[in-house]
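Me: I am new to this structure and would like a close look at a single part of it. Please take one helix and its packing as the centre, and then work outward from there.

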Amino acid sequence: MPRASPGIMCVELAPDQLERRRRAEAFPFILGLGRSRRRRVSWYAVGVRYDPTLLYALDPDTFERLLAVARRELPRVIVLNERLRDDQMAALADAAGGARGVYLSHWEQWIQLFPEFIQQEIPEIGGPLPPDWLSRIAPVFNRKSLGDAPWAVNPLFRIVAGPRCSYRTLVADNPFYRELALPKTMSCSFCYTSSNVNPVKDEVAFAVRQIEAACRQLPETTDERQFEVLGSRIWPRLEEFLMALSRAGVRGVELSFMPRIDQILGARESILRCLPTLAAADLAMRLYGAGIENFSPDENMRFNKGISAEQVHEAAAFIISTRSSWPRQFRFTDGMMSMILFTPWTRLEDLRINVENIERCSLICPFFALGQRLQIFPEPVHPIRLLAERDGLIGASRGNSFYNSGCIVDASQEEIPWRFAHPEVGVLCQLGLAISRFKQSDGRATDPVSRKIGDLLMILPTPLVLFRRAIDEIERRPRTPSLQTLLTALSRAAS
Ligand code: SF4
């Protein structure tokens, strides 16, 4: 069948863990650009269960629905936000009559990389972008869901208006890093969100334009729409942003933000002033992911996080009281504070400090926190990797199976193994991960380790009590050879 104009079909694999929805941020702009150039463009969403390996295989019914769309539309290019298993990708391309499959590999930096991506990967869309493309392209949110997975039908739209974070400190101020050959300033030493380049002149206006367009164009719904807003220059202009959305007629929307703990503290007055505006416009704000990383001052300094334990507890108190006064407009889900509990340098005393502070903060999920360890990746090279290399802690295998703390955002990423400077901590890390996995399985895992953990959690009041006893046991017997041995000792002592 002859093709009227080159067709571009965007396929969004939408995971059920909403915060894992990535790389669909550019789709409204691909559609908008295509339409302005009279190309056939479409956007289909397919609900999937989040797979930490980020390599998806669709079930037969869902895949058949996608094939049927490809046969009908015969696009020349199929753009995907996540990796499909090779055989399904090949079958999809075949169904479309030999379409080219293209993966979006970037997300938070999509604005910087979009012109190059279009030129190199989708030339069929009609040549390079004009320099003023950011203001010229009208975003198009004409998105259809294949199937009825509720998280795909009414998704969380991520609106990127600039780099997530502009946090920087002087390397000279951090005793762990000042001897390393680093540039003058650094962000958190492990963070992969470091570029501060932003071609967007007015982040507030750019984000409002996208949210307003989405609300206007998407089919009417009685469900609240959800948007996650990224852009470090928006948070300091929070009141202006919310007023602009209200003036633009945006209603029935939840807006998520991920500020730092110190930014939450700094914005307390501003948040309190915004809440009546939110109520009047039927809007809500949600905070999530506020990173603590680690309560131990040494570990925190190695992360260059710049957040103290007292700041965390102060922010938590503000969140809890505001949430209780404005439950509809101000939201925070318990457990949504992130931590990195284990690092190559972790000592037993660091773990004790963390257990004590996690117990103090009801917003932290202990099951989640106990299962978090540092992940280091080859590119870009981050300061914490240089520190681990200098200390001879990179390269030895931990013997662990695949693990994704949430830092693996692309199927091609492979982490660099590291080892513990204090080897006795290794078995506690295994215990923390096993407790976390036990919880993720809803207590249904039946392997021997999970069964023992389940039995212990029936006797002991909380996972933190179990973990504290494990620290005591390892302090007494630092050469405990395995997790099984540790669990046997803990079971004996508890019964
Ligand atoms: S971890 Fe968070 S606060 Fe630190 S640099 Fe990254 S985004 Fe910014």
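Reply: What follows starts with helix α8 and its packing, and then moves on to other places in the chain. The model is a predicted one, and the description should be read with that in mind.

Helix α8 covers residues 238-247, and its buried residues are Leu238, Phe241, Leu242 and Leu245. These buried residues cover an arc of only 90° around the axis, which puts them on the same side of α8. An α-helix has 3.6 residues a turn, so residues three or four places apart point the same way. The elements that cover the buried residues of α8 include helix α7 (203-217), helix α10 (268-280) and strand β13 (283-287). Just after α8, the chain reaches Gly249, which takes a positive phi of about 85°.

One of the covering elements, α10, can be described in closer detail. Two packed helices are described by the angle between their axes and the distance between the axes. For α8 and α10 the angle is about 10°, and the axes are 9 Å apart. Because angles under 35 degrees count as roughly parallel, α8 and α10 are roughly parallel to each other. On the α8 side the contact is made by Leu238, Glu239, Leu242, Met243 and Ser246, and on the α10 side by Ser270, Arg273, Cys274, Thr277 and Leu278. Sorted by class, this contact of α8 with α10 holds five nonpolar, three polar and two charged residues. Leu238 and Leu242 appear among the residues that meet α10, and both are also listed among the buried residues of α8.

Following the chain onward from α10 leads to the loop between α10 and β13, where Asp282 lies. Phi of Asp282 is near 55°, a positive value in a residue other than glycine. Most residues other than glycine have a negative phi, and most peptide bonds are trans. As for its surroundings, Asp282 counts as partly exposed, because it has 14 C-beta neighbours inside 10 Å.

A second residue of this kind is Arg23, which has a positive phi of about 70° although it is not a glycine. Arg23 lies in the loop between strand β1 (7-15) and helix α1 (27-36). With 22 other C-beta atoms within 10 Å, Arg23 is buried, since a residue counts as buried from 20 such atoms upward. A further backbone feature is the peptide bond from Glu379 to Pro380, which is cis, with omega near -15°. Pro380 is found in the loop between α14 (366-370) and α15 (383-390).

Another helix pair can be set beside the pair described above. Helix α2 (residues 60-73) and helix α3 (residues 86-95) pack at an angle of about 30°, with their axes 8 Å apart. That angle makes α2 roughly parallel to α3. From α2 the contact is made by Phe63, Leu66, Leu67, Ala70 and Arg71, and from α3 by Gln88, Ala91, Leu92 and Ala95. The residues of this contact of α2 with α3 divide into seven nonpolar, one polar and one charged.

The ligand has its own surroundings. Of the nine residues around the ligand, Cys165, Tyr167, Ser187, Cys188 and Cys191 come nearest. By class, the shell around the ligand consists of four nonpolar, three polar and two charged residues.

Thr185 is found in strand β10, which spans residues 185-186. Thr185 is partly exposed, with 13 other C-beta atoms within 10 Å. Leaving aside its neighbours within four places in sequence, Thr185 is in contact with Arg168, Thr169, Leu170 and Val171. The C-alpha atoms of Thr185 and Ala172 are separated by 8.1 Å, and these two residues are 13 residues apart along the chain.

Two further residues complete the tour. Asn142 lies in the loop between helix α5 (133-136) and strand β7 (143-146), and with 15 C-beta neighbours inside 10 Å it counts as partly exposed. Not counting residues up to four places away in sequence, Asn142 touches Leu31, Trp43 and Gln217. Asn142 and Gly32 are 110 residues apart along the chain, while their C-alpha atoms are separated by 9.6 Å. Glu116, by contrast, is found in helix α4 (residues 110-121), where it is exposed, with 12 other C-beta atoms within 10 Å. Glu116 and Thr333 are 217 residues apart in sequence and 38 Å apart in space, C-alpha to C-alpha.

Key
Residues numbered from 1 in each chain as written. Predicted model: local features only at pLDDT ≥ 70, side-chain atom pairs only at ≥ 80, totals over all residues. Near = placed C-beta within 6 Å. Nonpolar A, V, L, I, M, F, W, Y, C, P; charged D, E, K, R; others polar. Helix = DSSP H or I, 4+ residues; strand = E, 2+ residues; numbered from the N terminus. Contact = placed C-beta atoms within 7 Å. Axes fitted to C-alpha atoms, helices over the stretch in contact; angles between N-to-C directions. Parallel < 35°, antiparallel > 145°, perpendicular 65-115°, else oblique. Arc of directions from axis to C-beta.
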